[in-house]
Amino acid sequence: MKKKIFSLAVIAIVAVAAAVGVSKNANKVGLSELALANVEALANGESGGTTVDCYSSSKSSSGSTYYDCGTCTKQFNSKGTGSSRTCNP
């Protein structure tokens, strides 16, 4: 009987020590502000928002279209040139 009680006490102490250790480590693990900003940006992009490739400048080209990065609007009869990135129309 004494062995059983002693074993249960040891198990309880080990469980409490493990819980305290996990709790302390969980509080130490954090994301940097940059990582949080990236996660937020990815989440916003996946929430139904569509992104398109856009260009900083253009040249006349009949029948072509591109998205202007300044306004993120579709431009007709022009071909996008210059720097490219993405925007949400």
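This report walks through the fold, the hairpin, the disulfides and the surface of one protein chain.

## The overall layout

Let's start with the big picture, keeping in mind that this is a predicted model. The protein chain has two helices and two strands. If you follow the chain from its N terminus, you meet these elements in the order α-α-β-β. Helix α1 covers residues 2–28, strand β1 covers residues 52–68, and strand β2 covers residues 73–87.

How much of the chain is buried? Of the 89 residues in the protein chain, buried residues make up 11%. The accessible surface comes to about 7,200 Å², and carbon and sulfur atoms account for 59% of that surface. You can also ask how far apart in sequence the touching residues are. Among contacts with a separation of 6 or more, 34% are between residues 24 or more positions apart.

## Two strands make a hairpin

Now look at the two strands. Strands β1 and β2 run antiparallel, and twelve bridges join them. Together they form a hairpin with four residues between the strands. You can pick out individual partners across the pair: S57 stands opposite T81 in β2, while Y67 has K74 as its bridge partner in β2.

As you look along these strands, one general idea may help. In a regular strand, side chains alternate between the two faces of the sheet.

## A serine and the residues across from it

S60 is a good residue to find next. It lies in strand β1. Is S60 buried or exposed? With a relative accessible area of 70%, S60 is exposed, because the cut-off for that label is over 50%.

S60 also has company from further along the chain. The C-alpha atoms of S60 and S78 are separated by 4.4 Å, although these residues are 18 residues apart along the chain. Leaving aside its neighbours within four places in sequence, S60 is in contact with N77 and S78.

N77 deserves a look of its own. This residue lies in strand β2, and its phi is near 55°, a positive value in a residue other than glycine. At 44% relative accessibility, N77 counts as partly exposed, because this value falls between the 20% and 50% cut-offs.

## Two disulfides

Next come the cysteines. A disulfide is a covalent bond between the sulfur atoms of two cysteines. How many disulfides does the structure hold? There are two disulfides here. When the bonded cysteines of the protein chain are numbered in sequence order, the pairing reads 1-2, 3-4.

One disulfide is formed by C54 and C69, with their sulfur atoms 2.0 Å apart. This link is right-handed, with 95° about the S-S bond. C54 lies in strand β1 and C69 in the loop between β1 and β2, so the pair ties together parts that are 15 residues apart in sequence. Both ends of this link, C54 and C69, are buried.

The other disulfide joins C72 to C87, with an S to S distance of 1.9 Å. The link of C72 and C87 is also right-handed, with 85° about the S-S bond. Here C72 sits in the loop between β1 and β2 while C87 belongs to strand β2, so this pair ties together parts that are 15 residues apart in sequence. C72 and C87 are both buried.

## A closer look at C72

C72 brings two of our topics together, the hairpin and the disulfides. It is found in the loop between β1 and β2, and it is bonded to C87. What is the phi of C72? Phi of C72 is near 55°, a positive value in a residue other than glycine.

Why does C72 count as buried? Its relative accessibility is 9%, and buried means under 20%, so C72 earns the label.

## A nonpolar patch on the surface

Finally, turn to the helix end of the sequence. F6, V10 and V14 make a nonpolar surface patch of about 290 Å². One of these residues, V10, is found in helix α1. V10 has a relative accessible area of 36%, so it is partly exposed. Residues in a patch need over 30% relative accessible area, and the 36% of V10 fits that cut-off.

Methods:
Residues are numbered from 1 along each chain as its sequence is written. This is a predicted model: local features need pLDDT of at least 70, side-chain atom pairs count only at pLDDT 80 or more; totals for chains, interfaces and linings use all residues. Side-chain values use heavy atoms; hydrogens and water are left out. A disulfide is a pair of cysteine sulfur atoms within 2.5 Å. Buried means under 20% relative accessible area, exposed over 50%, partly exposed in between (1.4 Å probe, protein chains only). Patches are made of residues with over 30% relative accessible area and no salt bridge: like charges are joined within 9 Å, nonpolar side chains (Val, Leu, Ile, Met, Phe, Trp, Tyr) within 5 Å. Accessible areas come from the Shrake-Rupley method with a 1.4 Å probe; for residues, only the protein chains shown count as cover. A salt bridge is a side-chain nitrogen of Lys or Arg within 4 Å of a carboxyl oxygen of Asp or Glu. Contact means heavy atoms within 4.5 Å. Two strands pair if DSSP finds at least two bridges between them.
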